[in-house]
Amino acid sequence: MLTSRDIAKMLDHSTLQPFLTEKDIRHGCEVAIKYGTATVCARPQDMEIVVPMLNGTGVLPCTVIGFPHGAHTMEIKAMEAARALEDGCRELDMVINIGAVKEGKYDRVLEEIRDVKSVCGSHILKVIVETCFLTEEEKIQLCHVVTDSGADYIKTSTGFGGGGATFEDVKLFAEHIGPGVKIKAAGGIASMEDAERFIELGASRLGTSRIVKLVKGEM
């Protein structure tokens with residue numbers, strides 16, 4: 001049975017809200033370090049705070065690309081990725097072009113993911129597909145696209161799209177992703193029970209800011 005500390009190690013501690021101050025970001029890093037989360041996922045501008053604070057702690061700096069709408073051009077997404085790595089970031093969560101998916105332009109989506117992954121190299125790339133906007137068939141197609149792209153994770157949600165992770169979506173991903181692709185459930189995870197259920201269904205990373213508070217209370 002997973003302990004609270006086990007679950008903490010699977011968390012990307014999110015500090016992405018637009019209103020957060022430097023003080024908030026520093027506090028988020030302190031909490032992540034104390035409870036041993038996998039990463040702190042912060043806004044690109046915050047890498048100058050996050051990277052030095054996390055250095056040597058075992059918690060990795062993570063940021064977002066094309067966030068939150070995914071409508072940046074492919075060139076800009078690749079530039080964002082390159083800058084993030086230059087700034088010391090070690091994991092990237094990119095939002096795909098959701099409009100392209102709705103038009104059935106999966107080749108375009110595949111190309112932009114591959115472009116960003118080519119910049120990432122050995123660093124982990126998580127692909128946010130924003131499931132709340134997608135049909136079941138589109139979710140299945142994106143499992144194939146992410147698998148073919150060479151990305152490391154398929155991720156459910158930004159947390160800013162009006163809907164978050166669901167058990168049904170994580171189960172669907174687990175049934176359709178290829179070998180080597182992992183699942184990140186993000187958005188709306190409100191309890192330890194939710195976290196445990198997502199892990200049982202196949203998620204190996206969880207994105208949230210709320211779970212840390214619950215883990216904190218149980219350690």
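In which loop does Glu130 lie? In this predicted model, Glu130 belongs to the loop between E5 and H7. The protein as a whole contains 10 helices and 8 strands. Its radius of gyration is 16 Å, close to the 17 Å that the globule rule gives for 219 residues, so the protein is as compact as a globular protein of that length. The points below treat the overall fold, then strand E5 and the loop after it, helices H7 and H9, and finally the region of strand E3 and helix H3.

**Overall architecture**

- The C-alpha trace of the protein spans about 45 × 40 × 30 Å along its principal axes.
- Of the 219 residues in the protein, 54% are buried.
- Among contacts with a separation of 6 or more, 67% are made by residues 24 or more positions apart.
- The protein has an accessible surface of about 9,800 Å², and carbon and sulfur atoms account for 52% of that surface.
- The protein carries 25 positive and 32 negative charges, and the mean positions of these two sets are 5 Å apart.

**Strand E5 and Ile128**

- Strand E5 comprises residues 124-128 and includes Ile128.
- Ile128 has a relative accessible area of 0%, so this residue is buried; the cut-off for burial is under 20%.
- Beyond residues up to four places away in sequence, Ile128 touches Phe67, Asp93, Met94, Val95, Ile96, Lys155, Ser157 and Thr158.
- Glu22 and Ile128 are 106 residues apart along the chain, and their C-alpha atoms are separated by 26 Å.

**The loop between E5 and H7**

- Glu130, in the loop between E5 and H7, has a positive phi of about 55° although it is not a glycine.
- The relative accessibility of Glu130 is 1%, and this residue therefore counts as buried.
- Cys132 is found in the loop between E5 and H7.
- Cys132 is partly exposed, because its relative accessible area of 34% falls between the 20% and 50% limits.
- Setting aside residues up to four places away in sequence, Cys132 touches Gly161 and Gly163.
- The C-alpha atoms of Cys132 and Ser157 are 7.6 Å apart in space, while the two residues are 25 residues apart in sequence.

**Helices H7 and H9**

- Helix H7 covers residues 136-149, 14 residues in total, and reaches 20 Å from its first C-alpha to its last, close to the 20 Å expected at 1.5 Å a residue.
- The buried residues of H7 are Glu138, Lys139, Ile140, Leu142, Cys143, Val145, Val146 and Ser149.
- An α-helix has 3.6 residues a turn, so residues three or four places apart point the same way.
- The elements covering the buried residues of H7 include helix H5 (98-102), helix H6 (106-120), E5, strand E6 (153-155) and helix H8 (167-176).
- Gly150, just after H7, takes a positive phi of about 90°.
- Helix H9 runs over residues 192-201, and its buried residues are Met192, Ala195, Phe198, Ile199 and Leu201.
- Gly202 follows H9 and has a positive phi, near 130°.

**Strand E3, the cis peptide bond and helix H3**

- Thr63 is placed in strand E3, and its relative accessibility of 0% means that this residue counts as buried.
- Leaving aside neighbours within four places in sequence, Thr63 is in contact with Cys41, Ala42, Arg43, Pro44, Met47, Ala84, Cys89, Glu91, Leu92 and Asp93.
- Asp93 also appears among the residues that Ile128 touches.
- Thr15 and Thr63 are 48 residues apart in sequence, with a C-alpha to C-alpha distance of 9.5 Å.
- The peptide bond from Phe67 to Pro68 is cis, with omega near 0°.
- Pro68 is located in the loop between strand E3 (60-65) and helix H4 (74-86).
- Phe67, on the other side of this bond, is one of the residues that Ile128 touches.
- Ile49 is part of helix H3, residues 47-54, and is buried, with a relative accessible area of 7%.
- Apart from residues up to four places away in sequence, Ile49 touches Glu22, Ile25 and Arg26.
- Ile49 and Val64 are 15 residues apart along the chain, and their C-alpha atoms are separated by 15 Å.

How values were computed:
Residues numbered from 1 in each chain as written. Predicted model: local features only at pLDDT ≥ 70, side-chain atom pairs only at ≥ 80, totals over all residues. Heavy atoms only, no water. Helix = DSSP H or I, 4+ residues; strand = E, 2+ residues; numbered from the N terminus. Rg over C-alpha atoms; globule rule 2.2 N^0.38 Å. Buried < 20%, exposed > 50% of the residue type's maximum accessible area, 1.4 Å probe, protein only. Contact = heavy atoms within 4.5 Å. Areas by Shrake-Rupley, 256 points an atom, 1.4 Å probe, with all protein chains shown as cover. Lys, Arg positive; Asp, Glu negative; His and termini not counted. Charge placed at Lys NZ, Arg CZ, Asp CG, Glu CD. Expected span 1.5 Å × (residues − 1).
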